[in-house]
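Work through the exercises below with the model open. Try each task before reading its solution.

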Amino acid sequence: MDTRVRDRDGALSEDEQLGVVLVKSGIITIEQLGEALGRAAERGVNLARVLIEDKLLTEEQFVGTLAEQLGLEFVDLATYPVDASAARLVSEQLARRYLALPIGWWEGRLIVAMADPSNVFAIDDIRAITGAEVRQVVATAEAVGAAINKYHRKDSEAEHISAEASASSGPAEDDRLSNVREVREDAPIVRLVNLLISQAITDRASDIHIEPTGKDVRVRYRIDGVLHETMRSPRNIQNGIISRLKVMADINIAERRVPQDGRITTSIDGRNVDLRVATLPTVHGEKVIMRILDNSTANLRLSELGFLPANMTRYSASYTKPYGTVLVTGPTGSGKTTTLYATLNILNEATKNVITVEDPVEYQLEGINQVQVNTKAGLTFAAALRSILRADPDIILVGEIRDRETATIAIEAALTGHLVLSTLHTNDSATTPNRLIEMGVEPFLVGSALDCIVAQRLARKLCDRCKEAYPVDHEQLVAMGWEGLGQEMPDHLYRAVGCQVCGKTGYSGRFAVHEVLTVTEEVERMIVEHAHAEDIKKAAVADGMLTLRQAGLVGAANGLTSIEEILRVIA
């Protein structure tokens, strides 16, 4: 029977019953209900789908209303105190099949969060497996899926496999494993390595650190820029793990005395993953660091990187010029390459010849000629740049300016009609010209070629679920430079609290904080005269530049992050 029309006895259809509840709850108006019912009949779909597609109803509101109709409780799994031991009473496969997860106990009954609480087969199977009576509660499909990912973590499985590998590997096994090129795919070491990588991806980690200690092997993930210890494994499987990773990265497994690097391309849970691998000899053995390369980073838009409107206007005025030098500066891991890639995505047109020289090429960009530095073969940044200039480029990206020769060629390329994008390691934008001069580039060349300098940092975003508002300390904001913004001071700011969504950290995700220095005639004159960085900064601020600290304060005032986080990442 079509639930979108009245039954023969005149009773309300399911859609009309849902509509009545939504109107009574104030979620939609009676006029919106009438129009939505008409569209549902035209499209041949139910009312809920129409309302969600037309953004009149969220999935949480729909599921909450459905729970009310069925006389069940709606649970927000993001904030609910889930019992991890209860969650593991059913297998991950069963939980995913039914989108149902046990989350605790109530009067001897197992509470199960379900996306479809009317699924009697799911209830019967869970009752049979656990031997407990089931009390259904309702949650969104997305929330149940996220909870399954979280509470069916692979940590316990990794520890089990680690113990299995340790039991099957005596002290003599270490050397044997380190020389084996072919390892069975079902071997404990192989399964352990795959689990460590897949769990890192699930946890949104950017790096994996596998570190030998005097007693065991420590595994840490870098999440939102901060390292978190994940597990420890017995020391006697250390060489087995490292050898497996070396084989995957095509690194010499017999060489343990010098640092090496390589790249892994593998498939985890049906998803292709690239990892940049580096080894580092330590007193306790080789440490392995893996950078997880998310290919979606290469397709990010500038508008997604956190540029404030004023900074975006200043920056876009520079990179759209046909020639000149645009430098992005900051410490390692501050997102410099991501900013340049996002810029290249805008500049990449069929009418332009775009060439990059990088060490290494982390992300492959469609339609752009990318050159990989190979120092052993003599292909340095400087050598590659010389060749690029003979390849009729319009836009050149230099991965990093490291020495005088590279700096000089890049500056001269900008002066001869090319747009040059590059990165440099400096603390802020005003110190960048003097760094180039210290490298040996003539001041008049630096002043003429530089067009824009962007200094940036990555700050953690506050978790939207648990961030807490508190009254502003006006004196603190004034001391941090708020008055220079020329904006009204906010009444409140937010601080980190911590919940299950953000792993009790209070933060989830990151955004970039920018300082954009445009090289005006005044700044150019100061560079040529070799002026102090502080004087250059004062001139840029007088011209409207927001300092890193001020841009961070705007982010805090907008509720994106906390004052404590700004103080952590910006000196």
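The exercises go from the whole chain to helix pairs, then to single residues.

The model is predicted: local features need pLDDT of at least 70, side-chain atom pairs count only at pLDDT 80 or more, and totals for chains, interfaces and linings use all residues. Residues are numbered from 1 along each chain as its sequence is written, and side-chain values use heavy atoms, with hydrogens and water left out.

**Exercise 1. Describe the whole protein: secondary structure, burial and contacts.** 

Step 1. Count the elements. The protein has 23 helices and 18 strands. Helices (H or I, at least four residues) and strands (E, at least two) are DSSP runs, numbered from the N terminus.

Step 2. Check burial. Of the 571 residues, 49% count as buried. Buried means under 20% relative accessible area, exposed over 50%, and partly exposed in between, with a 1.4 Å probe and protein chains only.

Step 3. Check contact range. Take the contacts with a separation of 6 or more: residues 24 or more positions apart account for 62% of them. Contact means heavy atoms within 4.5 Å.

**Exercise 2. Characterise the packing of α15 against α16.** 

Step 1. Two packed helices are described by the angle between their axes and the distance between the axes. Axes are lines fitted to C-alpha atoms, for helices over the stretch in contact, and angles run from 0 to 180 degrees between N-to-C directions.

Step 2. Read the geometry. Helix α15 spans residues 381–389 and helix α16 spans residues 404–415; they pack at about 20 degrees with axes 8 Å apart. So α15 is roughly parallel to α16. Angles under 35 degrees count as roughly parallel, over 145 as roughly antiparallel, 65 to 115 as roughly perpendicular and the rest as oblique.

Step 3. Assign the hand. The crossing of α15 and α16 is left-handed: the near helix is turned anticlockwise from the far one by less than a right angle, while a clockwise turn would be right-handed.

Step 4. List the contact. From α15 come Phe381, Ala382, Leu385, Arg386 and Leu389; from α16 come Glu405, Thr406, Ile409, Ala410 and Ala413. By class, that contact has 7 nonpolar, 1 polar and 2 charged residues. Here Ala, Val, Leu, Ile, Met, Phe, Trp, Tyr, Cys and Pro count as nonpolar, Asp, Glu, Lys and Arg as charged, and the others, Gly among them, as polar.

Step 5. Look at what covers α15. Its buried residues are Phe381, Ala382, Ala383, Ala384, Leu385 and Ile388. Their cover includes β11 (354–358), β12 (369–372), β13 (395–398) and α16.

**Exercise 3. Do the same for α11 and α12.** 

Step 1. Helix α11 covers residues 188–202 and helix α12 covers 238–249; their axes come within 10 Å and cross at roughly 75 degrees. Therefore α11 is roughly perpendicular to α12.

Step 2. Ile189, Val190, Leu192, Val193 and Ile197 in α11 touch Gly240, Ile241, Arg244, Leu245 and Met248 in α12. The class count for this contact is 8 nonpolar, 1 polar and 1 charged.

**Exercise 4. Find the backbone outliers in three loops.** 

Step 1. Search for cis peptides. The bond from Asp359 to Pro360 is cis, with omega near -5 degrees. Pro360 sits in the loop between β11 and β12.

Step 2. Search for positive phi outside glycine. Asp250 has phi near 60 degrees. It lies in the loop between α12 and β7 (260–268). At 65% relative accessibility, Asp250 is exposed.

Step 3. Asp392 has a positive phi of about 55 degrees. Its loop joins α15 and β13. Asp392 is exposed too, with a relative accessible area of 60%.

**Exercise 5. Place Asn149 and Val497, then check the cysteines.** 

Step 1. Asn149 lies in helix α8 (residues 141–151). At 35% relative accessibility, Asn149 is partly exposed. Beyond four places in sequence, Asn149 touches Arg96 and Thr202. Asn149 and Thr202 are 53 residues apart in sequence, yet 7.4 Å apart C-alpha to C-alpha.

Step 2. Val497 is in the loop between β17 (492–495) and β18 (507–518). It is partly exposed, at 46%. Leaving aside neighbours within four places, Val497 contacts Cys466, Lys467, Glu468 and Gly506. The C-alpha atoms of Val497 and Cys463 are 8.4 Å apart.

Step 3. Cys463 is buried at 2% relative accessibility, and Cys466 is buried at 11%. The whole structure has 0 disulfides, where a disulfide is a pair of cysteine sulfur atoms within 2.5 Å.
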